[in-house]
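Please read the following explanation with the sequence and the three-dimensional view at hand. It moves from charged side chains to the pocket and then to the chain as a whole.

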Amino acid sequence: MAKKKSSTIEARVKNDDELKKLIGGKVKRVRRRRDRTARWVAEQANISRIALTQIENGRNNISAVLL
């Protein structure tokens, strides 16, 4: 029986906190690459800037719908 390859995320994430940091970091990198402020992105997503900052820093979950 062939051994199943683990995905990149599965190989790097050991718990929920690490997953939140990984996703939040990606959100922050994309936002910066597109030269957008946290305030602008938060307004577009209809959330507070503080909530977005917490997501980007891995302190808050982001829903699949919001993502």
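In this predicted model, Lys20 forms a salt bridge with Asp17, and their closest N and O atoms are 3.6 Å apart. Both residues belong to helix H2, which covers residues 16-33, and they are three residues apart, about one turn of the helix. An α-helix has 3.6 residues a turn, so residues three or four places apart point the same way. Side chains of opposite charge can pair when their charged atoms come close. Asp17 is partly exposed, with a relative accessible area of 45%.

How many salt bridges does a search of the whole structure find? The search finds three. Another of them joins Arg39 to Glu43, with 3.8 Å between the closest N and O atoms. These two residues are four residues apart in helix H3 (residues 38-45), and therefore about one helical turn separates them. Arg39 and Glu43 are both exposed.

The side chains of Glu56 and Arg31 also meet in a salt bridge, at 2.6 Å from N to O. This pair links distant parts of the chain, since Glu56 lies in helix H4 (residues 49-56) and Arg31 in helix H2, 25 residues apart. Are these two side chains buried or exposed? Glu56 counts as buried because its relative accessibility is 6%, and Arg31 counts as buried because its relative accessibility is 12%; the cut-off for a buried residue is under 20%.

Helix H2 also holds Lys28. Lys28 is buried yet has no salt bridge. The nearest side chain of opposite charge is that of Glu56, 4.8 Å away, whereas a salt bridge requires the nitrogen and the oxygen to be within 4 Å. Leaving aside residues up to four places away in sequence, Lys28 touches Glu56 and Asn57.

Glu56 leads the reader to the rest of helix H4. Its buried residues are Ala51, Leu52, Thr53, Ile55 and Glu56. Against which helices do the buried residues of H4 pack? They pack against H2 and H3. Just after H4, Gly58 takes a positive phi of about 75 degrees.

The next topic is empty space. Rolling a probe the size of a water molecule over the atoms shows where empty space is left. The largest pocket holds about 250 Å³ of space. It is lined by 15 residues, of which Val27, Val41, Ala45, Leu52 and Leu66 are the closest to its centre. Leu52 is thus met again, having been named among the buried residues of H4. Helices H2, H3 and H4 each supply at least two residues of the lining. Which helix gives the most to this lining? H3 does, with four residues. By character, the lining of the largest pocket divides into eleven nonpolar residues, one polar residue and three charged residues.

Finally, the chain may be considered as a whole. It contains four helices and zero strands, and along the sequence the pattern reads α-α-α-α. The chain has 67 residues, of which 21% count as buried. Among contacts between residues at least 6 apart in sequence, 42% join residues at least 24 apart. The salt bridge between Glu56 and Arg31, described above, links residues 25 apart.

Notes. Residues are numbered from 1 along each chain as its sequence is written. This is a predicted model: local features need pLDDT of at least 70, side-chain atom pairs count only at pLDDT 80 or more; totals for chains, interfaces and linings use all residues. Side-chain values use heavy atoms; hydrogens and water are left out. Buried means under 20% relative accessible area, exposed over 50%, partly exposed in between (1.4 Å probe, protein chains only). On a 1 Å grid over the protein atoms alone, a cavity is a set of points where a 1.4 Å probe fits but cannot get out, and a pocket is an open set with protein on both sides within 12 Å along at least five of seven lines; lining residues have an atom within 4 Å of a point. Grid points are joined across faces, edges and corners, and a volume is the space filled by probe spheres set on the points. Ala, Val, Leu, Ile, Met, Phe, Trp, Tyr, Cys and Pro count as nonpolar, Asp, Glu, Lys and Arg as charged, and the others, Gly among them, as polar. Contact means heavy atoms within 4.5 Å. Lys and Arg count as positive and Asp and Glu as negative; His and the chain ends are not counted.
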